[in-house]
Amino acid sequence: MRGADRPILSEVRAAERSAGDEPLRAPSGTHDILPPESAVFEGVVARFASRARLAGYGLALTPLFEELAVFSRGVGSSTDVVTKEMYDFVDKGGRHLALRPEVTASVARAYVQHRPTLPWRVWYWGPQFRYERPQAGRYRQFWQLGAEVLGTGDPDLDVEVIELAWTFCEGERIPGLSLALNSLGDGACRPAYRERLLAFLEPLAAQLCPEHQTRYRDNPLRVLDCKRPACRDATAAAPTPLEALCPSCRTHFARVQEGLASLGIPAVVTPRLVRGLDYYTRTTFEITASALSASQDAVGGGGRYDGLVAALGGPETPGIGFSLGLDRLLLARGDDAPAPEAGLEAFVVDLTGGGAALVLTSRLRRAGVAVERAFDSRSLRAQLRMADRSGAAVALIIGPAERAAGEVRLHPLRGGEESVVAIEEVEGALRALDGAGERPRRTGNEEQA
Ligand code: HAM
């Protein structure tokens, strides 16, 4: 579609003409994550990275957009995610692409493409895109942290993966956490269950919510998960996937429950838990937090997807994983959540015109010291005020006298005696202060300069 750039160009010109002084805003359903909150975000990602590394996961960074087929074949062509919420577009080369609504299908596509050795464990974080009705905790661009393991169907792995998701959320001090667990069966038992459910729904179709009256045949399991009262009431006595498990799915599910119990993880078997993505087989789970509003209280979810790799053209390869919604994790965190890493250690106050600060901040940063400085040759008072607000423990003051003597004044900002040190000994002096516990521990909620 090479001609497609022409209308875009004319739209750009029209936008330029009509823009006037109207300030631009982030698109509806997206939000900026800026300092100081971004430090909290960064901390959550860093802690997840280190937990994942301990469990043998490597980082997978897949493209933010993929061929549409990755999601229509992977996630399912009858899911809301694909039919209603996908940001899809035809690029200038005529390829039908989509911004990723989730990462699991991309990870499976990457496996099929690169065939790494199994079992393959990867973790990821990044933005996802779904055209949903924006509200608190539900966005059109949102962030996920997640982990996937391909290559074994062992139920111990289900337990391990659920444990990682659960203990991570616990460690982030999310109050009111619950873990819902279910099994959706597999290729041996699900088709028969689907027929049974359809037979149950058929005579009740007129009582379902307007959407499911027309769509229940495409994906009858979704009706079980519908939150609207009409569907809730009509399906109160519907058969659940659990009742229809074949012997091997039943054994698998029992092993998962035993494993979780042996680790003290309080899973609640929830027979109507049906997730919104079609690739799931056997184990599915969702973690909710009471601090979030009921319509979007899931901080994360996941499950097994033993048919996904084959659906994307690879060999039969079992897999399981989960994703946590980072935006929701941040909304749901309690007051005692882990604090972000310490911020600035020192703030350089330069009264000689700025050249000394340029050299000293560069040297300290190369030595691994977190340091800031003022610009624009401001007054001592103004620079000290900035230093104070920056959260640093120490101002490093260089006036003309200090510069001439090759010295720096160490001015503690949170109490303590001022001292003078040779400029080449500043790192050592800061380290000594740090060891004496005078380095600041900032919380993400403190005001920044
Ligand atoms: P999901 O349940 O669609 O699963 O999303 C996982 C989490 O992402 C949700 O529990 C929620 O916290 C967050 N989330 C989803 N949509 C939004 C939104 N519009 N705004 C804010 N947060 C949102 C998956 O994406 C699967 N890939 C999980 C998985 C991994 N299954 C197996 N492996």
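Strands, as the word is used here, are DSSP runs of E with at least two residues, numbered from the N terminus. By that rule residues 58–59 make up strand β1, in which leucine 59 lies, and this strand is a convenient place to enter the structure, which is a predicted model.

Strand β1 belongs to an open sheet of 8 strands, whose order is β1-β5-β6-β11-β10-β9-β7-β8 and whose pairing is mixed. At the edges stand β1 and β8 (267–269), each of which has a single partner strand, so one side of each is left without a neighbour in the sheet. Helix α11 (residues 247–262) packs on this sheet, where it touches β7 (177–183), β8, β9 (281–289) and β10 (298–304), and its direction makes about 160 degrees with that of β7.

The strands can be followed inward from the β1 edge. The pairing of β1 with β5 is parallel and covers 2 bridges, one of the matched pairs being glycine 58 with its bridge partner valine 122 in β5. Leucine 59, for its part, counts as partly exposed because its relative accessibility is 44%, and buried would require a value under 20%. Together with Leu61 and Trp125, Leu59 forms a nonpolar patch on the surface, and the three have about 310 Å² of accessible area together.

Strand β5 (residues 120–129) is paired with β6 in the antiparallel sense, over 10 bridges. Several facing residues let the reader trace this register: tryptophan 120 stands opposite leucine 150 in β6, arginine 121 stands opposite valine 149, and glutamine 128 stands opposite phenylalanine 142. Strand β5 is mostly covered, with 8 of its 10 residues buried. In strand β6 (residues 141–150), 9 of the 10 residues are buried, so this strand is largely enclosed by the rest of the structure. Its other pairing is with strand β11 (residues 319–325), again in the antiparallel sense and over 7 bridges; here valine 149 has isoleucine 320 of β11 as its bridge partner. Valine 149 therefore has a residue facing it in each of two strands, arginine 121 in β5 and isoleucine 320 in β11.A second open sheet has 5 strands in the order β13-β12-β14-β15-β16, and its pairing is also mixed. The edge strands are β13 (371–373) and β16 (419–422), each of which pairs on one side only. On average, and with direction ignored, neighbouring strands of this sheet are turned by 30 degrees against each other. Within the sheet, strand β12 (residues 346–350) and strand β14 (residues 394–398) pair in the parallel sense over 5 bridges, and aspartate 350 has isoleucine 398 in β14 as its bridge partner. Helix α14 (residues 355–366) packs on this sheet and touches β12, β13, β14 and β15 (407–412), with a direction that makes about 165 degrees with that of β13. Helix α17 (residues 426–435) packs on the sheet as well, touching β12, β14, β15 and β16, and its direction makes about 160 degrees with that of β14.

Charged side chains add another set of contacts, for the structure holds 27 salt bridges. One of them joins arginine 95 to aspartate 91, with the closest N and O atoms 2.8 Å apart. The two partners differ in their surroundings: arginine 95 is partly exposed, with a relative accessible area of 44%, whereas aspartate 91 is buried, with a relative accessible area of 18%. In another salt bridge, the side chains of lysine 227 and aspartate 225 meet at 3.9 Å, N to O, a value that falls within the 4 Å cut-off used for such contacts. Lysine 227 counts as exposed at 60% relative accessibility, while aspartate 225 is buried, with a relative accessible area of 15%.

A further salt bridge connects arginine 215 with glutamate 211, their closest N and O atoms being 3.0 Å apart. These residues are 4 apart in helix α8 (residues 210–215), which means that about one helical turn separates them. Both belong to a network of salt bridges that links Asp80, Lys84, Glu211, Arg215 and Arg228.

Definitions and conventions: Residues are numbered from 1 along each chain as its sequence is written. This is a predicted model: local features need pLDDT of at least 70, side-chain atom pairs count only at pLDDT 80 or more; totals for chains, interfaces and linings use all residues. Side-chain values use heavy atoms; hydrogens and water are left out. Buried means under 20% relative accessible area, exposed over 50%, partly exposed in between (1.4 Å probe, protein chains only). Two strands pair if DSSP finds at least two bridges between them. Patches are made of residues with over 30% relative accessible area and no salt bridge: like charges are joined within 9 Å, nonpolar side chains (Val, Leu, Ile, Met, Phe, Trp, Tyr) within 5 Å. Accessible areas come from the Shrake-Rupley method with a 1.4 Å probe; for residues, only the protein chains shown count as cover. Contact means heavy atoms within 4.5 Å. Axes are lines fitted to C-alpha atoms, for helices over the stretch in contact, and angles run from 0 to 180 degrees between N-to-C directions.
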